[in-house]
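Please walk me through this structure, from its sheet and helices to its charged side chains.

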Amino acid sequence: HSIARMAMGIQNILDAFRSYGIIGGYIFDIDDLSDEVYAFPTFQDGLSVSFQVTLQEPATLLGFLLQSQANTFFHPEIIATTIAAYARQWGYKIKFEDYLMDRYYRPSNDDVQAQDVLVEFRLFSPTSPTDDF
């Protein structure tokens, strides 16, 4: 499986979400993910390849904020879930965590005005012994 081709597919997914207005834009940290010279030895060592996607002004942001205020662990993040499902179709194991982001530094957490969601992905080899997915 070409990890570089999978990375391009993820970029196509993000472009589709942007064209449908589900996200205002995105920043995709594709470097490590598309570098097969780096990725495959990393997998052979039993490690994961990490990459990040910043979702700018996602349509799910208000739901994310409301769930965070209610102190739940539910985040209605369909974009990250779609990317994870796509990676699994390629045979990879994947985990992700998402975080609210403010574009500006504010000295008090009470003043934070989240506009984006940062998603950190960890991609594992299909033969990874970890079954925690």
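**Helices on a sheet**

Helix α5 (residues 78–89) lies across β2, β3 and β4, and runs at about 165° to β3. Contact here means heavy atoms within 4.5 Å. Angles run from 0 to 180 degrees between N-to-C directions, with axes as lines fitted to C-alpha atoms, for helices over the stretch in contact. Helices (H or I, at least four residues) and strands (E, at least two) are DSSP runs numbered from the N terminus. The model is predicted: local features need pLDDT of at least 70, side-chain atom pairs count only at pLDDT 80 or more, and totals for chains, interfaces and linings use all residues. Residues are numbered from 1 along each chain as its sequence is written, and side-chain values use heavy atoms, leaving out hydrogens and water.

A second helix, α3 (residues 36–44), lies across β2 and β4 (116–124) and runs at about 120° to β2.

The sheet itself is open and has four strands in the order β1-β2-β4-β3, with antiparallel pairing; two strands pair if DSSP finds at least two bridges between them. β1 (25–28) and β3 (93–101) are at the edges with a single partner strand each, so one side of each has no neighbour in the sheet. On average, neighbouring strands are turned by 20° against each other, direction ignored. β1 is joined to β2 (residues 49–56) by four bridges, and Gly25 stands opposite Gln56 in β2.

Helix α1 (residues 3–19) holds both Arg18 and Asp15, three residues apart, about one turn of the helix. These two form a salt bridge, their closest N and O atoms 2.9 Å apart; the term requires a side-chain nitrogen of Lys or Arg within 4 Å of a carboxyl oxygen of Asp or Glu. By this rule the count is one salt bridge.
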